[in-house]
Structure formats: C-alpha cells, structure tokens
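Reader: I'd enjoy a close look at one part of this model. Which residues have the most contacts inside the largest nonpolar core?

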Amino acid sequence: MEKIFTKKLNNIDIERRIVLSENLIKGFPRGHEAYLKFKDEDGRVWTFRCRVPPGGSSRPALSGDWFVFVRSKQLKVGDVIEIALDREKDRAGVDQFTIRFKKQLEIN
C-alpha cells in the first residue's frame, strides 16, 4: 500500500466536503465526477463521490457517503485521515483506496 494523502480534518471537511490534494487523482478532468471505492480498517467498502470543479481549482473533493463515513466513525475537527492506494483491485478490476483515521487525543 502506498500512502498518498494525510489531512487533519477541519470544519469544512466534517460539514461540507473534504478537499484533497491535486496529486491524489492525477489526470482527472476538471468539471467531472466519479465514484471511488475506499476500504476502511474494518474491511468495509465506502463509495465516495469525487468531483473536480471546473475552472481555477483542480483539487478534487469528496462528498456523498463521505458524511455517512464521518458520522459512523464519529470523526471530529482535529482528527487525521490517511488515504493510501491499495494495489488490490476490486471485482471489476478498478483501483481502490484505503482510508484510516487517527482520533485526536482529548485532554480533560
């Protein structure tokens, strides 16, 4: 597995969408969207909508089931996600990604 992206989550990531690095999906055309598969640490496969907006920014953003993932994992601002490219293909022969998270330590 090749780790390709790490991000400390902020309010926008939790409430609206998570914006990824331009390099995460090379060659993905602007103004297009796709549904990408992400496998979590429990082996569950999540399908997130990935869209690259037309115009200036070419940074892809995940939405759709991203919010279900955030709620089910009880992610909060300050938690960190790591995305890696999984060389294992899904049944259709499509690349999949793995997604892991690290909860921010809460100090009382």
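Author: Happy to help; here is a walk through that core and some of its surroundings.

This is a predicted model, in which local features need pLDDT (the predictor's confidence in each residue, from 0 to 100) of at least 70 and side-chain atom pairs count only at pLDDT 80 or more, while totals for chains, interfaces and linings use all residues. Residues are numbered from 1 along each chain as its sequence is written, and side-chain values use heavy atoms, leaving out hydrogens and water.

The largest nonpolar core has 21 residues, and Phe38, Phe48, Trp66, Ile81, Ile83 and Ile99 have the most contacts inside it. Such a core is a set of buried Ala, Val, Leu, Ile, Met, Phe, Trp, Tyr and Cys residues joined through side-chain atoms within 4.5 Å; buried means under 20% relative accessible area, exposed over 50%, partly exposed in between (1.4 Å probe, protein chains only). At least two core residues come from each of E3, E4, H2, E6 and strand E7 (95–102), and H2 gives the most, with four. These names are DSSP runs numbered from the N terminus: helices (H or I) have at least four residues, strands (E) at least two.

Strands E3 (residues 32–39) and E4 (residues 45–52) pair in the antiparallel sense over eight bridges, where pairing takes at least two DSSP bridges. Leu36 has Phe48 in E4 as its bridge partner.

Beyond its neighbours within four places in sequence, Ile81 is in contact (heavy atoms within 4.5 Å) with residues including Trp66, Leu75 and Ile99.

As for confidence, helix H2 (residues 66–72) is highest at a mean of 94, and strand E6 (residues 80–89) lowest at 80.
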